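Thanks for making time. I'll walk through one model, piece by piece. Please have the viewer open.

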Amino acid sequence: MGLQCYFGGTTIQTLKLAAIPASSRFILKPISKTLVLNPFSRHNYVICPQRNPFKLLVRALSATAVQTAPITESLDNKVVKPQWKAAIDFKWIRDNKDAVALNIKNRNSNANLELVLELYEKMLAVQKEVERLRADRNAVANKMKGKLEISERQKLIEEGKNLKEGLATLEEDLVKLTDELQLEAQCIPNLTHPLVPIGGEESSTVRKMAGTPRDFGFPVKDHLQLGKELDLFDFDAAAEVSGSKFYYLKNEAVMLEMALVNWTLSEVMKKGFTPLTTPELVRSSVVEKCGFQPRGDNTQVYSIEGSDQCLIGTAEIPVGGIHMDAILAETQLPLKYVAFSHCFRTEAGAAGTATRGLYRVHQFSKVEMFVLCQPEESESYHEELIKIEEDLFSALGLHYKTLDMASGDLGAPAYRKFDVEAWMPGLGRYGEISSASNCIDYQSRRLGIRYRPSEPTPALPKKGKGSLAPTQFVHTLNATACAVPRMIVCLLENYQQEDGSVIIPGPLRAFMGGLELITPKST
């Protein structure tokens, strides 16, 4: 998805594109071309016993899987300091390097684990030497407190000066090593659920098949032809105004978009979700912390030149940032949001007939669900999210299949991801209309979102912080309730009639003023 221009007063700030791995569908990535590793807490995960070489992995890793090797930015051989840091358990990675390496391979990532381990060992060695010099410096300082001969005091002064200079050099080296280690370790991919199929997209498995393809008794038109004959959109004028992959919706198509958004919001709100509209410009650091790449050769993100802001490719980003750096009470969880926003994606690398028309565009409207919950609940909420999606699509009478996506196609932060693909008769194939991802604590470790578990009141309660339970990172999940353009594609192509009209599905009619049929305009 792409991002557009920002107008400030009379000044137009230009947008620069940033890159995303070609195999990642809706993903972005950090400015330094690195991803973030999430060391997971050690007690929060429900792991299935089957085929589980990653049983321990769930405790330590979480980061974006990428197709290209990370690049550590440097200037005059100086490592660029990370804008933010993820909580990473380097010792755990070292102790479980075989499992980490297998996960990297299965995620089709080029993260450099050997370099991470090498940098970690160097950092430990320098850290140990720093601690030794600090101890020596303190010992010298303590000796200086006593009565000393002038020559002995002078000797200690000289020794202290040398220790100070040596310590300053080592501390500078330690900072550089720590920064480089952080940047490299951020490339290690997120964990993978043990039931996820291993392999590329073709290895994904079907979880559910709903409905059957409609049997048309007449030649089927695609949504482009239907839209032209019904005067529903204008791609030519939009290309002149904005460029390719932009569009104007017209007439009943505008009403259909509004109906889809309002019906979806009303249905999801019945499930206890709080509705939101979100900012559509966010800081690039928030984009990165959510696991997206705002800079690079094949980015999906539009970045605003001369600023640290990007246009969002999904409401997942601003919603994820709402509770950034917060400590929530356990009683506040789960937090369930349903957000409407416009989304912008560059769609870098997309081409061909399968991307024509509304199927793949730079700007579109979307309704996104987002959940923050306790770790032990995330798998059940993942099932809840996919069921909500399936119920929505079934209510609209669509024929679709739900896929358990393979490890090589999970995208950046997903621990496990379900995709929904609907039958599009005009295109003659299934097309993705939705996904639901469980990101466990990948995003929360980067965004700093924690919660404090409740504890039974002790018989003799203590005063102060010592009586509080330690904080834990929440788990985050996201799911698309309605990506408007692709839903319009589905509805036009599946509900077309022989006379060229299109039936409005029953659930949407009340949101379209009772309209039941889109008919060709009289000339």
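Start at L328, which stands opposite Y451 in β19. Bear in mind that this is a predicted model. L328 sits in a parallel pairing: β13 and β19, residues 450-452, are joined over three bridges. Now widen the view. The sheet is open, has three strands, and runs in the order β13-β19-β20. Its pairing is mixed. Which strands are at the edges? They are β13, residues 327-329, and β20, residues 472-473, and each pairs on one side only.

Next, the whole chain. The protein chain has 13 helices and 23 strands. It has 523 residues, and 52% of them count as buried. Now the contacts between residues at least 6 apart in sequence. Of those, 79% join residues at least 24 apart.

On to the interior. The largest nonpolar core has 59 residues. Which of them touch the most other members? L260, M369, I433 and L508 do. Several elements give two or more residues to this core. The helices on that list are α7 at 252-269, α10 at 378-395 and α12 at 484-494. The strands are β14 at 335-344, β15 at 363-373, β17 at 416-424, β18 at 429-438 and β21 at 475-483. The largest share comes from α7, with eight residues.

Zoom in on L260. Leave out residues up to four places away in sequence. L260 then touches L396, C482, V484, M487, I488, L491 and L508. Apart from this core lies another one, of 29 residues. Its members include I93, V116, M123 and L181.

Back to α12. How many of its residues are buried? Eleven of eleven, so the helix is mostly covered. The buried set takes in R486, E493 and N494 as well as V484, P485, M487, I488, V489, C490, L491 and L492.

Stay with V484 for a moment. Its C-alpha atom is 9.9 Å from that of Y359, although the two residues are 125 apart along the chain. Where is Y359? In the loop between β14 and β15. Y359 counts as buried because its relative accessible area is 7%, and the cut-off is under 20%.

Now cysteines. The structure holds zero disulfides. Take C439 as one case. C439 is in no disulfide, and the nearest cysteine sulfur, that of C290, is 8.9 Å away. C439 is at 1% relative accessibility, so it counts as buried. C490 is another case. Why is there no bond at C490? Because the closest cysteine sulfur, in C482, is 10.0 Å from the sulfur of C490, too far for a bond. A disulfide would need the two sulfur atoms within 2.5 Å. C490 also counts as buried, at 0% relative accessibility.

Last stop, a pocket. Rolling a probe the size of a water molecule over the atoms shows where empty space is left. The second largest pocket has a volume of about 280 Å³. It is lined by 14 residues. Which are the closest to its centre? Y247, Y248, L249, E257 and Q363. At least two lining residues each come from β8 at 248-249, α7 and β15. Two of those names have come up already: α7 and β15 are both on the list of contributors to the largest nonpolar core.

That's my tour. Over to you.

Terms used. Residues numbered from 1 in each chain as written. Predicted model: local features only at pLDDT ≥ 70, side-chain atom pairs only at ≥ 80, totals over all residues. Heavy atoms only, no water. Core = buried A, V, L, I, M, F, W, Y, C linked by side-chain atoms within 4.5 Å. Buried < 20%, exposed > 50% of the residue type's maximum accessible area, 1.4 Å probe, protein only. Helix = DSSP H or I, 4+ residues; strand = E, 2+ residues; numbered from the N terminus. Contact = heavy atoms within 4.5 Å. Pairing = 2+ DSSP bridges. 1 Å grid on protein atoms, 1.4 Å probe; cavity = no way out; pocket = protein on both sides within 12 Å on 5 of 7 lines; lining within 4 Å. Points joined across faces, edges and corners; volume = space filled by probe spheres on them.
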